[in-house]
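Reader: Thanks for sitting down with me over this one. Could you walk me through it with the picture in front of us?

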Amino acid sequence: MASRFVDRAVIHLAAGDGGNGCASVHREKFKPLGGPDGGNGGNGGDVLLIVDPNVHTLLDFHFRPHARAGNGKLGQGGNRAGAAGETLEMRVPSGTVVMTEDGEILADLVGPGTTFVAAQGGRGGLGNAALASKARRAPGFALLGEPGETRDLVLELRSVADVGLLGFPSAGKSSLISVLSAAKPKIADYPFTTLVPNLGVITAGSTVFTMADVPGLIPGASEGKGLGLDFLRHIERCAVLVHVIDCATFEPGRDPLSDMDALEEELARYTPSLGGDLADRPRVVVLNKIDIPDAAELAEFVRPELEARGLSVFEISTASRQGLKELTYALAAVVEKYRADQPVPEPAQVVLRPLAVDDAGFTVELDPEEEGAFIIRGSRPERWIRQTNFGNDEAVGYLADRLNRLGVEEVLARKGAVPGSPVTIGDVQFEWEPSTPAGVAVHLSGRGTDVRLENTSRIGAAERKEARRIRRDGPDGVEDEDEMDDE
């Protein structure tokens, strides 16, 4: 029967898209100018990874790697906002590590309820009611919703265990965990009986700890022989590593000391991605199967050599239960010491990172692929591009106003841009047409002043008042004769 244990999966996630805003005008009898009443679009749903203690494998993600959250609904007239998209919650086992395809670790999910936002939903677009202002009292457009984030992530399960068992195939690791805990791994007298890691919970006095049994290692495992080093990720969190040595093996060229050296060499080739080094972990050596007379003699012979290396050595037999009590309490003591040496976990703090005073929120660069062209980068300009409906002239004008207020035009002018220069923001390229005086790029004046007011053809209040007097009294300031005769 094929194994149902999966400890690595590649998933393809898509958060929900934000709903578009609504451009609507209030219509009511005897109220022809009801004003804009378009509602905002709903936000797209997020994709969350949540640790669930009832989940023990990544099997579900292996068969269903694609997942998508709900889209936000469209805004409607009458100031009705669209509903937010449904958030997708994906349950993962404790000890799941979330990585990019390049191997960058994004999150280490340990503990029930731990949550990670794997994909962020898109923002809903504003309706024209929210876009109304003194200068734009009845916008004839609305903003589009932003697309949701799409990500390809790698999930790896790394068991949360205090003690890790290492050894050659058929060394007795599965037997040891079965007699110390309630775990029931498959046990047989042939190599590679253990194909998946097994976890067991062990109680020693007032100390409760967990033990992980991984498939057996052989020389050359780092080169792909046997089951390789794929399952060593399950011992990265262990406080102590236990070498289970088979003292009753009949294979030629094997003895406890050579087995120990071979295993240590393979461990040295493995680099934990969670940090640290397995060489720094405490070691305990278990000489197994001493219920066989020849094995007991061999254990007595090699024990002094192993202790001379500074290792704690225990002689046990899983068949007769000899030495198990001493081993259990010794492991509990090592685990307790390891826990006491760990720093006290500090509560999560909210870190506020305000923008620097000189941070404009965008950058303007020369386009290396096109002479005289520019590329604008920044979260705000790129978001505004995604929200703009380029089929609506008024929406395009609103985008130009926003970019101008942000200072994009001033920086483009300083960089040497001229009218008609190609400018790229996000996925959109357009020809720059400055909104400054006379259609040329000039620097705007200081706050409270505007050079555009110096050259204006608009009639002022005084001129309008004089024009009314002339129409009433005539150019000479004398009332018309007809009016005098009427009097």
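**A walk through the predicted model**

Author: Happy to. In this predicted model, Asn 128 lies in helix H2, which covers residues 128-131.

Reader: Is Asn 128 buried or exposed, and what is its relative accessible area?

Author: The cut-off for buried is under 20% relative accessible area. Asn 128 falls below that limit, so the residue counts as buried, and its value is 1%.

Reader: Which residues does Asn 128 touch, leaving out those up to four places away in sequence?

Author: Contact here means heavy atoms within 4.5 Å. Among the partners of Asn 128 are Cys 22, Ala 23 and Ser 24, along with Pro 36, Asp 37 and Gly 38. The list is completed by Pro 139, Phe 141 and Ala 142.

Reader: Cys 22 caught my eye there. How many disulfides does the structure hold?

Author: A disulfide needs two cysteine sulfur atoms within 2.5 Å of each other. Cys 22 is buried at 15% relative accessibility, and Cys 247 is buried too, at 5%. As for disulfides, the number in the structure is 0.

Reader: Let's turn to the strands. Which residue in E8 stands opposite Arg 8?

Author: Strand E1 spans residues 8-14 and strand E8 spans residues 150-157. The two pair in the antiparallel sense over 7 bridges. Opposite Arg 8, in E8, stands Glu 156.

Reader: And which residue in E8 is the bridge partner of Thr 96?

Author: Strand E5, residues 96-100, runs antiparallel to E8, and 5 bridges join them. For Thr 96, the bridge partner in E8 is Leu 157.

Reader: There is also an open sheet of 3 strands. What is its order, and what is its average twist from one strand to the next?

Author: The order is E4-E2-E7, with mixed pairing. Strand E4 (88-92) and strand E7 (115-119) are the edge strands, each pairing on one side only. From one strand to the next, the twist averages 30 degrees.

Reader: Within that sheet, which residue in E4 stands opposite Val 47?

Author: Strand E2, residues 47-51, runs parallel to E4, with 5 bridges between them. Opposite Val 47, in E4, is Leu 88.

Reader: Which residues does the UniProt annotation "binding site" cover, and is Ser 174 buried or exposed?

Author: The annotation comes from an unreviewed UniProt entry and covers Ser 174 and Thr 194. Ser 174 is part of helix H3, residues 173-180. At 9% relative accessibility, Ser 174 counts as buried.

Reader: What about Phe 301: is this residue buried or exposed?

Author: Phe 301 belongs to helix H5, residues 293-308. A residue counts as exposed over 50% relative accessible area. Phe 301 has 65%, so the residue counts as exposed.

Reader: How many ångströms separate the C-alpha atoms of Phe 301 and Pro 256?

Author: Phe 301 and Pro 256 are 45 residues apart along the chain. In space, their C-alpha atoms are separated by 10.0 Å.

Reader: Let's finish with the whole chain. What share of its contacts between residues at least 6 apart in sequence joins residues at least 24 apart?

Author: The chain has 11 helices and 18 strands, and buried residues make up 43% of its 487 residues. Its accessible surface comes to about 27,600 Å², with 51% belonging to carbon and sulfur atoms. For contacts between residues at least 6 apart, the share that joins residues at least 24 apart is 70%.

Technical notes: Residues are numbered from 1 along each chain as its sequence is written. This is a predicted model: local features need pLDDT of at least 70, side-chain atom pairs count only at pLDDT 80 or more; totals for chains, interfaces and linings use all residues. Side-chain values use heavy atoms; hydrogens and water are left out. Helices (H or I, at least four residues) and strands (E, at least two) are DSSP runs, numbered from the N terminus. Buried means under 20% relative accessible area, exposed over 50%, partly exposed in between (1.4 Å probe, protein chains only). Two strands pair if DSSP finds at least two bridges between them. Accessible areas come from the Shrake-Rupley method with a 1.4 Å probe; for residues, only the protein chains shown count as cover. UniProt positions are given in the numbering used here, feature names are shortened, and annotations may be inferred rather than shown by experiment. Axes are lines fitted to C-alpha atoms, for helices over the stretch in contact, and angles run from 0 to 180 degrees between N-to-C directions.
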